[in-house]
Amino acid sequence: MPLPPPTQPEPRPVAANSGGRRVFTARGLTKVYRMGSFEVHALRGVDLDLYEGEFVVLLGPSGSGKSTLLNILGGLDVPTGGTVVYRDHTLTAATDAELTRYRREHVGFVFQFYNLMPSLTARENVELVTDIAVNPMPAAEALRLVGLTERVDHFPSQLSGGEQQRVAIARAIAKRPDVLLCDEPTGALDVKTGVLVLEAIDRVNRELGTTTVVITHNAVIAGMADRVIALSDGRIASEHRNARQIPAGELQW
Amino acid sequence: MKRLDLKLLRDLWTLKSQVLAIALVMASGVAMLIMSLSMVSSLQGTQQGYYDDYRFAQVFTRLKRAPDALAARLATIPGVAQVQTRVVVDVTLDLPGMPMPAVGRLLSLDADPRAGLNRPHLRRGRFPERYARHEALVSEAFAAAHGLGPGDQVRAIINGRLQTLHLVGVAISPEYVYQLRPGEFIPDDRRFGVFWLDRLQLASAYGLQGAFNDIALTLTREAVERDVLDALDRLTAPFGGQGAHGRSEQMSHRLLTDEFSQLRAMATIPPAIFLAVTAFLLNVVISRLVRTQREQIAVLKAFGYTTADVGLHYLKLVSVLTVIGLVLGIAAGTWLGRDMAAMYARYFRFPRLEFQLDPAVVAWSALICTGAALAGAVAAVRRAMRLPPAEGMRPEEPAHYRPLLIERLGWQRFVGRILRMILRQLERKPVSAALSVLGIALAIAIVVLGSFVRDIVDFMVDLQFYGVQRYDTSVTLVEPAASGAMAEFRQLPGVLAAEPFRTVPVRIRFGHLSRRLGLLGVPADAGLLRLLDVDWRETPLSPAGLVVSRALADLLRARPGDVVSVEVMEGQRPTLELPIVRLVEDVAGTSAYLELAVLNRLLGESGVVSGAFLRVDPAAEPGLYAALKAAPRVAVVGTKTAALAAFRELMAENLLRMRLINVIFAGIIAFGVVYNAARISLAERSRELATLRVIGFGRDEISLIFLGEIAIVTLLAIPLGLLLGYAFAALAVVALATESYRFPLVVNLSTYAFAVATVVGAALLSGLVVRRRLDRLDLLAVLKAAA
């Protein structure tokens, strides 16, 4: 399954809508983990569409299946049942090598615990991705987008948690991904630095038009999304569109 | 079972491959220790029992001819316990199907062969009948080499006449545990055999009725050997005594002693390396375990387990590993030892040689292993004990990195990003990286150590058989003859060139030290025997004095320029004062050379020769041998091809097995070091590697990062390993040197290449084994975990 080169996302109007092209189409997704002698149903039939340039927050308590869903969208995991189509490629039929290539060319990940390479400086961590990307932006540009212009030659152990997470975001976006998947990006941060990180994600979404999915159990963050999807017990419990998006800087929790 | 012990077992199970890898390294060291030291004690026990049961003499001397009456006087020498006089002669044997002449040593048997000293031990058949003509016992080694047994016949030239010996039995003797031809240093069972004949028959054949030409003595407990030797020399001098000597100069005994000292040397260097590596690996693995179990340790302490409980817990883990290593090592050592005993049984003829596991050696091994294991684990265990519970609950500080040295020097543009990650990882833990390098280097060094002996042997063969001995055949006459004999030699079939030599039994003294040997006189312009100096270059004889082997000079603590006394044990028995002019290197041990003309003059004789070195047309060899066999005046014929073949046969087997054992053990070290380094690196960096996979790096790419570290460590280890290998080889050359053998330090390029290939192969193998784990890395589980 040769994937097409990443398309240059077009700037979109700040007011999000579902009128953009469909990026993901997921139908009837189920995921069953076998934990010893019993089975855990992480997803129990999820249908979901994501559109170009959208900012979506997936909300839900732990165990609701939101991380599983994100991992499947990101090509890290495969569902037990159902299909996921990314543009015109069926991820659920892809091989391991094809999934690696898909991640490499189209997806940016941000993790709760940053997962930076401790042996590389901030700049080098970003360059690690630009080395293998097809059409990356300069590492300095990615770092500037997340508000890091100083301390870029420091090692992770010399950076604060918020700084580390912003490096992680820069690393994720430097390849100009089509989708940015963030798993609890502020989970390990205090409010002030959490807000800085969210501002960075928001800015990437707006300026690059990257389809962005953030999962969190923090309902406040939902305020900055175009669309909020709540998961509960492996199903989509509710879905709503924000009439007005609250800027990240105004969020309080 | 206590729950904490259950945890121990499960931890062990989780760490099983690493524990096994370390236990194997330890087992290799133990196996070598057990094999070598138990072999020494088995051999020594067997030797002692044999010597006691068969009354091996303590003092020996040869003489020309002495009346039986002398025996009674010998018995009165203070310190002498028992006297045995014998008739001993060397004869030429004529064996069907073997053109080369062989040497037979005929020993007289007294009326009761089960009394007296140096009693033969009958293996098969019976002793010769009293007064039976030509009935003989044959030595087992010779019998085995020729497929001879009771009922067979051997033809020998006895006092100039071809006679037939009827073999009635096969025997061994404490005097010939290791059977060497006179004048050679390699056993050749085909060309040298010992025969026992009825004394009266042998004596009458040589006109020695009522007389003897060989004495063996045992000493009382209080005897001072030196005094007995001096007294014996004084009493035998009028009868052509050739100088008495103790067991230390008895060929078979001395070679056994040498073998013991080499086995002991083998029991020191390699096991020390293996145990040092074991300690290092234990340190790495237990440190890592304690680090990952910080929280568990904290919880244990929080719930009331004492510091000692925690320490003991980890020590138990170490002791389980030690027990595994010991048991495996003892088993492997015993197995290798049995194999070795079987090999020794073919060279050393004992009534019965069995490998006995020496309990003292086992106890020592256990003690040494425990010491090594404790040395390795103690720092990590103490860290676990000292960990305050509250601190243990907090995660460990994140890893600190800093720019590389080369980056600090401004050379970063030469280093790619991946390489930078690898190098920083190595620079962050310089001690552990250095120890990994050292571990692999030691593995290389062990292979060099186990293989370079072949290089030495090749070098020595070239040197001895092509550099020194330019002749094909040496012929020794029964009695020294006038130089007219040379013309006869030159007329023998196939002889292209002949050079005379003169050999006289002497005792060389310097200060209170002395040595018996045959002083060899060769012409100043000798072309068939060349001497090599200590740098293995050709060096001439000197009319000004003696040229002696370095081994002899060392033994006498003499240097060039020193004047030594040379007591001639033949003819007029003059004592000569001669300076040592130069030292030469002689693989065969102690030797001394003088210009033939000078020697003749000093002995008051003219043109007398003991024999000749011959260069022979190979096509004419059989004719020459036939002629020599029939020549009554010829005592001993030495042939280079035969000596060379015997030597190669002996060495090929021994060296191959030694090399194989070392390769296996070195492979274990290399595998153990690399495997542990890789497993720990995998554990510590699985998060990084998983992240790389998630952001789009393929399996091959992260393998490169991961295996790159192993590759760099291995590459760094190669030059160090070769240096260490050379150093170990140098040490071994010193440790293995005995009075009889002295080895040059030679390591061929091919040996280095072989060592590198072996160890790189083992490293590659363990890298691939760990890579398979990398492929199974659970990306999601790794990423979900808190840092």
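## Exercises on a two-chain model

In strand E19 of chain B, the residue facing B:Val563 is B:Pro579. This pair is a good place to start in what is a predicted model.

**Exercise 1. Find out how E19(B) pairs with E17(B) and with E18(B).**

Step 1. Begin with the strand that holds B:Val563. Strand E18 covers residues 563–568 of chain B, and 5 bridges tie E18 to E19(B) in an antiparallel arrangement.

Step 2. Look at the link between these two strands. E18(B) and E19(B) make a hairpin with 6 residues between them. In the turn, B:Gly571 has a positive phi of about 60 degrees.

Step 3. Now turn to the other partner. Strand E17 (residues 546–549) of chain B is joined by 4 bridges to E19 (residues 575–584), and here the strands run parallel. One matching pair is B:Val547 with B:Arg582 in E19(B).

Result: E19(B) is antiparallel to E18(B) and parallel to E17(B). Both senses are possible in general, since strands of a sheet pair through backbone hydrogen bonds, either parallel or antiparallel.

**Exercise 2. Describe the pairing of E10(B) with E1(B) and with E2(B).**

Step 1. Take E1(B), residues 59–67. Its 6 bridges to strand E10 (residues 211–219) of chain B are antiparallel. Within this pairing, B:Pro67 has B:Ala211 as its bridge partner.

Step 2. Take E2(B), residues 80–86. This strand also pairs with E10(B) in the antiparallel sense, over 6 bridges. Here B:Val80 is matched with B:Leu219.

Result: E10(B) has an antiparallel pairing with E1(B) and an antiparallel pairing with E2(B).

**Exercise 3. Work out which strands stand at the edges of the open sheet of 6 strands in chain A.**

Step 1. Write down the order of the strands: E6-E7-E8-E3-E9-E10, with mixed pairing.

Step 2. Look for strands with a single partner. These are E6 (107–110) and E10 (235–241) of chain A, so each has one side without a neighbour in the sheet.

Step 3. Add the twist, which averages 15 degrees from one strand to the next.

Step 4. Check the partner of E6(A). E6 pairs with strand E7 (residues 179–183) of chain A in the parallel sense over 4 bridges, and A:Gly108 lies opposite A:Leu180 in E7(A).

Step 5. See what packs on the sheet. Helix H6 (residues 191–208) of chain A touches E3 (55–59), E7 and E8 (211–216) of chain A, and the helix direction is at about 155 degrees to that of E8(A).

**Exercise 4. Decide whether A:Asn115, B:His134 and A:Arg151 are buried or partly exposed.**

Step 1. Recall the cut-off: 20 or more other C-beta atoms within 10 Å make a residue buried.

Step 2. Apply it to A:Asn115. This residue has 24 C-beta neighbours inside 10 Å and is therefore buried. It is part of the loop between E6 and helix H3 (122–130) of chain A, and its phi is positive, near 55 degrees.

Step 3. Apply it to B:His134. With 20 other C-beta atoms within 10 Å, B:His134 is buried. The loop that holds B:His134 runs between strand E5 (121–125) and strand E6 (135–139) of chain B, and phi is near 65 degrees. As background, most residues other than glycine have a negative phi.

Step 4. Apply it to A:Arg151. Here 15 other C-beta atoms lie within 10 Å, so A:Arg151 is partly exposed. Its loop connects helix H4 (139–145) and helix H5 (161–173) of chain A. Beyond neighbours within four places in sequence, A:Arg151 contacts A:Ala122, A:Leu159 and A:Glu163.

**Exercise 5. Describe the side of chain B that touches chain A.**

Step 1. Count the residues: 22 of chain B are in contact with 24 of chain A.

Step 2. Find the helices. H14 (417–428), H20 (640–694) and H23 (779–784) of chain B each supply at least two residues to this side.

Step 3. Sort the residues by character, which gives 12 nonpolar, 5 polar and 5 charged.

Step 4. Note the scores of the model, ipTM 0.72 and pTM 0.74. Chain B has an average pLDDT of 86, with 95% of the residues at 70 or above.

Terms used
Residues are numbered from 1 along each chain as its sequence is written. Chains are lettered from A and ligands numbered from 1 in the order in which they are written. This is a predicted model: local features need pLDDT of at least 70, side-chain atom pairs count only at pLDDT 80 or more; totals for chains, interfaces and linings use all residues. Two strands pair if DSSP finds at least two bridges between them. Axes are lines fitted to C-alpha atoms, for helices over the stretch in contact, and angles run from 0 to 180 degrees between N-to-C directions. Two residues are in contact if their C-beta atoms, placed from the backbone, lie within 7 Å. Ala, Val, Leu, Ile, Met, Phe, Trp, Tyr, Cys and Pro count as nonpolar, Asp, Glu, Lys and Arg as charged, and the others, Gly among them, as polar. pLDDT is the predictor's confidence in each residue, from 0 to 100. A residue is buried if 20 or more other C-beta atoms lie within 10 Å of its own, exposed if 12 or fewer, and partly exposed in between; C-beta atoms are placed from the backbone.
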